[in-house]
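I opened this notebook to record what I looked up, one topic at a time. The entries follow the order in which I worked.

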Amino acid sequence: MLKNYFKIAIAVLKRRKFFTFISLFGISFSLTIIMVLTAFSDHLVDSSYPDAHRSRNLYISMMRLTGEKHGFSQNGPPSFYFLDHYVKKMKTPEKVAITSFHQPTNTYINNKKLTIDQKFTDDTFWEVLDFEFLEGKPYTRQQIDNAERVAVISENVRRKYFGDEPSVTGRYIETDNIRYRVSGVVKSVPITQFATYGDMYLPHTLGKRDPQDKGLNGDYFAILQGKDASSLPAMAAEYDDIIRRLPIDTSRYDKISSRADKYVASYTRLFIGNQDDSGLNRLLLYVGLVLLFFLLLPTLNLVNINTSRIMERSSEIAVRKAFGASSGTLALQFIVENLILTVIGGLIGVVLSFIVLAIWNNSGALEDVYLYLNYKVLIISLLVCLVFGLMSGVYPAWRMSRLHVVTALKTY
Amino acid sequence: MIHLQNIEKVYRTDTVETQALSSINLNVAKGEFLSIMGPSGCGKSTLLNIMGLLDEPTRGSIRIADSTADKLSDKQLAHFRNRTIGFIFQSYHLINDLRVLDNVELPLLYRKSTAKERKQLALEALEKVGLSNRTKHFPTQLSGGQKQRVAIARAIVGQPEIILADEPTGNLDSAMGSDVMDILIRLNKDEGTTIVMVTHDENMARKTHRLVRLFDGSQVQ
């Protein structure tokens, strides 16, 4: 039976080459977009170098101070003082890493400007994250306390600044007219990993901040690392408790809000959310709408094409019914045919996705951002194919199965 | 084998009501070869479609092969047609995308049978109509007579008790029409298949056991 359906499906595809092309193009193109987007979101969301333990980490990246009486509102990353003074002392995390957001500086190599993104960190930063040291080692707590001008640089900066030199540990690198001694070189992190990306990592004591400033807002964030994923609720609760009990300077503001979030929520809170809403639901809604859009277009296209094809095949439908096919069997046949079409489109989509990802990975459009078609993406894509097949086949199949035999025979 | 009692068929649209058949009482015995004649539009094909359970009468009852066809579900009707009735159409209605062998196997797809059994039975049916050398051809590569012989093979492959043929020679020249008629006569004689055939051709009708004439939806002979 299936062999017969397959033969018919292939014959129908061959018979109407233009419609087949339109259908396959619609499916494969949409699928390619979905797969590339999925690969990209996979890259953003999944644990990846060097932040390999996201499932047991919480991130504190925003703090909002509101003074309704004074019409005052300040929203931004927390200060080093706050994180060091309150968060570092938390009991539920195993470790707390503090780091700044990256800040651009400039240097010149052979009269050519090179932008180097600096990131100021504490020593725990190197323990919480699994950086791969290509040479040298991270700076120590002692060096941080002494505010030594030492730096860990990325592989990219080593190549751009020092060329092909085999080892640069102990050498000096100058940026914004300040010289730093290279303590180590790490494998580069793509800019999409906001928590860990940097070209040059420096002791937080070298950061431009007033040691006497006890303000709550600044330009740092913290990574809280628990023993395992089950530690996260307790860590979040302890942090909420800290925020509740934080002394408030009532002359300026009357409310402080800040949350310890999982990675994705910290990301969305940073870019599209606020203190009361992580923005994750909104992001999921946007992603859902985009996916729906890309799914709906080829589906509607296929529904349209398939429905018009029914009339072309009315004789076949009538003959099958006359010789013993029930409406259900016919509907099943049509859905199977449609699934064959969508699976072929899906396979073309997979091949196209490989090509697009290969082009992306070779283009260097975003340095160190390599996208891969992993099994998870592949399974999602195949499921999407099945959804295509079912969604676009069910209605035409229903129409077809209701076709009256006598009418269908007369129209031939 | 086929018992029609007070069969009426009325086609209704918003403004027009057309009486296609009225008070048809007809019995077809097992092993009989019956032909139905009448002018165009007299209801011959409608009657045949009702006998084949492809269409429902507005009134009246049908018994076929000792089964009452009323109130059968879509699935039961499909099963009944598959087991009991084979159809031959004037325009052949072969599936052009399938090869001859696949076309002939079609009724067997809706039964529990293996691919090997289906192929064996289809080859036997094609042998009976003298087309065993055309199994891999597509319908578009055949003449009209050959197409109709493939359609006959498809109708008999499931060894139905009844064959309903709607002007099976209508699109063929006299030589090809005679060939097709000979096959039908042989089937009726050798295998005892009950055949009801709609035709316009007196000569063909004369070769059958009995002739029924219709005029304006009523039986006149």
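**Sheet in chain B**

I began with strand β7 (residues 162–166) of chain B, which is joined to β8(B) by 5 bridges, the two strands running parallel. Within this pairing I found I163(B) standing opposite I195(B) of β8(B). I note here that the model is a predicted one, and I read every entry with that in mind.

I then asked which strand order the open sheet of 6 strands has. Following the pairings across chain B, I wrote down β6-β7-β8-β3-β9-β10, with mixed pairing. At the edges I found β6 (85–88) and β10 (218–219) of chain B, each with a single partner strand, so one side of each is left without a neighbour in the sheet.

On the other side of β8(B) I looked at β3(B), and these two strands pair in the parallel sense over 4 bridges. The bridge partner of S35(B) in β8(B) is M197(B). Strand β3 (residues 33–37) of chain B is also joined by 4 bridges to strand β9 (residues 210–215) of chain B, and that pair runs parallel; here M37(B) has R213(B) as its bridge partner in β9(B).

I next checked how far β8(B) is covered, and for this strand (residues 194–198) I recorded 5 of its 5 residues as buried. Both faces are covered, with T194(B), V196(B) and V198(B) buried on one side and I195(B) and M197(B) buried on the other.

**Nonpolar cores**

V196(B) came up again when I turned to the largest nonpolar core, which has 56 residues and in which I2(B), L4(B), L26(B), L47(B), M51(B) and V196(B) have the most contacts. The largest share of this core, 5 residues, comes from helix α11 (residues 327–363) of chain A. I also listed what I2(B) touches, leaving aside residues up to four places away in sequence, and noted L26(B), N27(B), V28(B), M51(B), R63(B), I64(B), I162(B) and V196(B). A second, separate core has 42 residues, among them F82(A), V87(A), I173(A) and L202(A).

**Pockets**

For the largest pocket I noted about 680 Å³ of space. It is lined by 24 residues, and the closest to its centre are L37(A), S41(A), D42(A), V45(A) and V287(A). The elements that give two or more residues to this lining are α2 (17–45), α8 (263–271), α9 (280–312) and α12 (375–401) of chain A. By class I recorded 18 nonpolar, 3 polar and 3 charged residues in the lining of the largest pocket.

The second largest pocket has a volume of about 460 Å³, and of its 23 lining residues L53(B), L54(B), D55(B), E56(B) and L77(B) lie nearest its centre. At least two lining residues are supplied by each of β4 (59–64) and α2 (74–84) of chain B, and α2(B) gives the most, with 3 residues. This lining divides into 9 nonpolar, 5 polar and 9 charged residues.

**A histidine in chain A**

My last query concerned H43(A), which is found in helix α2 of chain A. Is H43(A) buried or exposed? Its relative accessibility is 13%, and because buried means under 20%, I counted H43(A) as buried. Leaving aside residues up to four places away in sequence, I found that H43(A) touches S48(A), P190(A), T192(A), Q193(A), V369(A), Y370(A) and L371(A).

Conventions:
Residues numbered from 1 in each chain as written. Chains lettered and ligands numbered in written order. Predicted model: local features only at pLDDT ≥ 70, side-chain atom pairs only at ≥ 80, totals over all residues. Heavy atoms only, no water. 1 Å grid on protein atoms, 1.4 Å probe; cavity = no way out; pocket = protein on both sides within 12 Å on 5 of 7 lines; lining within 4 Å. Points joined across faces, edges and corners; volume = space filled by probe spheres on them. Nonpolar A, V, L, I, M, F, W, Y, C, P; charged D, E, K, R; others polar. Core = buried A, V, L, I, M, F, W, Y, C linked by side-chain atoms within 4.5 Å. Buried < 20%, exposed > 50% of the residue type's maximum accessible area, 1.4 Å probe, protein only. Contact = heavy atoms within 4.5 Å. Pairing = 2+ DSSP bridges.
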